[in-house]
Amino acid sequence: LTAGLHSLRIEYYERGGVAVAQLRWEKVSSTVPEATAWLGEYFGNVDLAGTPAFVRSDRVIDFNWGSGAPDARLPADRFSVRWTRTLTFSEGTYRFRATVDDGFRLYVDGVLVIDEWRDGGQRELTADRRLTAGMHTLRVEYYERSGVAVAWVRWEKVPSAVPDSA
């Protein structure tokens, strides 16, 4: 929607039984430019199944929710998140790093790079991936089964090895 006033029209018909009509809305974009933000789809289950409970832009994946939930619309345990983002990379090898508690997967251009889709305590994960110069799509999948919820993702370009001179 554009800024300003808008008209809404709601039509409802109830023929018998218990009557309920509710309408809610929320802004799904943020002030974070899409090119610099992750699109986060948050689910009320550990399987990334069905329609997300909500969708938002996250500037970074750097969360320690402790024993809580990312949002009041999710349970503190048994939730999942799918983050996607497309970025420009220069050519080279990149080291992807994650700190997670419970399930985690990282895809680069649709290729599974880290597969830790299992319950478990907080752990560090890394994987190196050679990328060509240009646009690449990252997809992070995460689930929290129980206990502490942690999801942290970063990457860095691995310096090229310089041969020793004699």
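## Reading the labels on a strand-only chain

User: What makes Tyr94 count as buried?
Analyst: Tyr94 has 6% relative accessibility. The cut-off for buried is under 20%. Tyr94 is below that cut-off, so the label is buried. This is a predicted model.

User: Is Phe89 buried or exposed, and how do you know?
Analyst: Phe89 has a relative accessible area of 5%. Buried means under 20%. Phe89 is therefore buried.

User: Why are Phe89 and Tyr94 called an edge-to-face pair?
Analyst: Two values decide it. Their ring centres are 4.9 Å apart, and the limit for a pair is within 6.5 Å. Their planes stand at 80°, and over 60 degrees counts as edge-to-face. Both tests are met, so Phe89 and Tyr94 are an edge-to-face pair.

User: Why does the pair of Phe89 and Trp155 get the label tilted?
Analyst: The centres lie 6.1 Å apart, with 50° between the planes. An angle under 30 degrees would be stacked, and one over 60 edge-to-face; the rest are tilted. So this pair is tilted. Phe89 sits in strand β4 and Trp155 in strand β10, so the pair ties together parts 66 residues apart in sequence.

User: Which exposure class fits Trp155, and why?
Analyst: Trp155 has a relative accessible area of 26%. Buried ends under 20% and exposed starts over 50%. The value falls in between, so Trp155 is partly exposed.

User: How many aromatic pairs are there, and which residues form one cluster?
Analyst: The count is 13 aromatic pairs. Tyr42, Phe54, Phe63, Trp65, Phe79, Trp83 and Tyr142 make up one aromatic cluster.

User: Which members of the largest nonpolar core touch the most others?
Analyst: Trp65, Trp83, Phe104 and Tyr142 do, out of 30 residues in this core. Strand β4, residues 79-89, gives the most to it, with five residues. In soluble globular proteins, nonpolar side chains tend to be buried together.

User: How many helices and strands does the chain have?
Analyst: The chain has zero helices and ten strands.

User: What is the order of the strands in the open sheet, and which strands are its edges?
Analyst: Four strands run in the order β3-β10-β5-β8, with antiparallel pairing. The edges are β3 (62-66) and β8 (123-131), each of which pairs on one side only. Neighbouring strands of this sheet are turned by 15° against each other on average, direction ignored.

User: How do you know that β5 and β8 pair?
Analyst: Pairing needs at least two bridges. β5 and β8 have nine, in the antiparallel sense. So they pair. Arg97 stands opposite Thr126 in β8.

User: What makes β10 a partner of β3 and of β5?
Analyst: The bridge count again. β3 and β10 (residues 149-157) share four bridges, with Gly66 opposite Ala149 in β10. β5 and β10 share seven, with Arg95 opposite Glu156 in β10. The cut-off is at least two bridges, so both are pairs.

User: What is unusual to note in the phi of Asp102, and where is this residue?
Analyst: Asp102 has a positive phi of about 95°, although it is not a glycine. Asp102 lies in the loop between β5 (92-100) and β6 (103-108). Its relative accessible area is 4%, so Asp102 is buried.

User: Where is Asp109, and which exposure class fits it?
Analyst: Asp109 is in the loop between β6 and β7 (111-116). Its phi is positive too, near 55°. A relative accessible area of 39% lies between 20% and 50%, so Asp109 is partly exposed.

Terms used
Residues numbered from 1 in each chain as written. Predicted model: local features only at pLDDT ≥ 70, side-chain atom pairs only at ≥ 80, totals over all residues. Heavy atoms only, no water. Core = buried A, V, L, I, M, F, W, Y, C linked by side-chain atoms within 4.5 Å. Buried < 20%, exposed > 50% of the residue type's maximum accessible area, 1.4 Å probe, protein only. Axes fitted to C-alpha atoms, helices over the stretch in contact; angles between N-to-C directions. Phe/Tyr/Trp six-rings, centres within 6.5 Å; stacked < 30°, edge-to-face > 60°.
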